[in-house]
Amino acid sequence: MEQRVVGRFAPSPSGRLHLGNLFCFLLAWLSARRQGGRILLRIEDLDPARSKRAYSEQLQRDLAFLGLAWDEGGLDADGLHAPYEQSRRGEFYQQILNRLRAQGLVYPCFCSRAQLHAASAPHAADGEVVYPGSCRNLTDDEIRRRSLARAPALRLMVPDEEISFDDLHYGRCSQNLARECGDFILRRSDGVFAYQLAVVADDAAMGVTEVVRGRDLLASTPRQLYLYRLLGAPAPRFGHLPLLLAPDGRRLSKRDADLSLDALVARGLSAAAITGALGYAAGLLDRPEPATPDELVPLFSWDKLPREDVRLPAALF
């Protein structure tokens, strides 16, 4: 019997949702619903300095306003995989970290971000520093001495190996973790668990079978697939989307209040007008006309989606 598709929303409550977030959420919802699947809502509030409960509450209201209903999860929700807020799942992440440490693949790293940039380390295509392995072979004495001055982050050793996957939209993608990523962080020096560890642990535990997200996260997929392998868990299918750009070409940010959902509603746009415009931007509609998410479900196809980033026409919003 074929496994039922389980997609997910995984917003970070660090600000109001903008159209780029909503574009991803809408298409993740449409992909799952088109296959008769379910949607799970997880609040990715790992970073206590940036995450606010008020934003979590608001984003749930925003999704409901647009008609993007979820089947499981959300703030303070009960359910088979509760809690659904990452800030409440630290004990679980520690268990996963302990499993990786038991494999001898985790080590403390004392490098600061400034030191890594100053070391003229190679950079990935997206500007991310490729970690050069500076702390990989420290002796026990060196670790004890450095720990007196600075709390370490914890990194995962990666193999000199090509990891490939078939993206639902961009096709075959490959990355050599050692050359293009380097050993990556599982827990920060302040004790906050890293996104890579938490997202894999949660998607595996919650039975997520399909991850639809922006192409800015495409480069993180091979390291997540490596984590799935180490944990002996089946990996979901991944589909990455072009980014939605502002009319002036800038990448959307939660700091850009002009294209937040509340700003659009204040200008008189209805929920159907917003989702219809996003459906048009995704190539699902021939013109920007009001449409509910349910009306877009039979129109959804990965073949229709643009591969290049999409600049919003100023006239739409």
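This briefing walks through helix packing, a pocket and two backbone details. The model is predicted, so please read every value here as computed from it. Three helices carry much of the story below: α3 (90-102), α7 (residues 195-205) and α8 (residues 221-231).

**How α7 packs on α8**

- The axes of α7 and α8 come within 10 Å of each other and cross at roughly 55 degrees.
- That angle makes the two helices, α7 and α8, oblique to each other.
- The crossing of α7 past α8 is right-handed.
- From α7, the contact is made by Tyr195, Gln196, Leu197, Val199, Val200, Asp203 and Ala204; from α8, Arg223, Gln224, Leu227, Tyr228 and Leu231 take part.
- Sorted by class, the residues of this α7 and α8 contact are eight nonpolar, two polar and two charged.

**How α3 packs on α7**

- Here the axes also come within 10 Å, and α3 and α7 cross at roughly 105 degrees.
- Because angles of 65 to 115 degrees count as roughly perpendicular, α3 and α7 are therefore roughly perpendicular to each other.
- On the α3 side you will find Phe92, Tyr93, Ile96, Leu97 and Leu100, which meet Leu197, Ala198, Ala201, Asp202 and Ala205 of α7.
- The contact of α3 with α7 has nine nonpolar residues and one charged residue, with no polar ones.
- Leu197 of α7 is worth a click, since this residue takes part in the contact with α8 and also in the contact with α3.

**How α3 packs on α8**

- The helices α3 and α8 pack at an angle of about 80 degrees, and their axes are 10 Å apart.
- This pair, α3 and α8, is therefore roughly perpendicular as well.
- Ile96, Arg99 and Leu100 of α3 make the contact with Leu227, Leu230 and Leu231 of α8.
- By class, the contact of α3 with α8 holds five nonpolar residues, no polar residues and one charged residue.
- Ile96 and Leu100 of α3 appear in the contact with α7 and again in the contact with α8.
- On α8, Leu227 and Leu231 touch α7 and also touch α3.

**The second largest pocket**

- The second largest pocket holds about 260 Å³ of space.
- Its lining consists of 15 residues, and those nearest the centre of the pocket are Gln3, Val208, Thr209, Ala235 and Pro236.
- The lining of this pocket divides into seven nonpolar, four polar and four charged residues.

**Backbone details in the loop between β3 and α3**

- Most residues other than glycine have a negative phi, and most peptide bonds are trans.
- Asp76, which is in the loop between β3 and α3, has a positive phi near 60 degrees.
- The peptide bond joining Ala82 and Pro83 is cis, with omega about 0 degrees.
- Pro83 is found in the loop between β3 (72-73) and α3.

Conventions
Residues numbered from 1 in each chain as written. Predicted model: local features only at pLDDT ≥ 70, side-chain atom pairs only at ≥ 80, totals over all residues. Heavy atoms only, no water. Axes fitted to C-alpha atoms, helices over the stretch in contact; angles between N-to-C directions. Helix = DSSP H or I, 4+ residues; strand = E, 2+ residues; numbered from the N terminus. Parallel < 35°, antiparallel > 145°, perpendicular 65-115°, else oblique. Left-handed = near helix turned anticlockwise from the far one by under 90°. Contact = heavy atoms within 4.5 Å. Nonpolar A, V, L, I, M, F, W, Y, C, P; charged D, E, K, R; others polar. 1 Å grid on protein atoms, 1.4 Å probe; cavity = no way out; pocket = protein on both sides within 12 Å on 5 of 7 lines; lining within 4 Å. Points joined across faces, edges and corners; volume = space filled by probe spheres on them.
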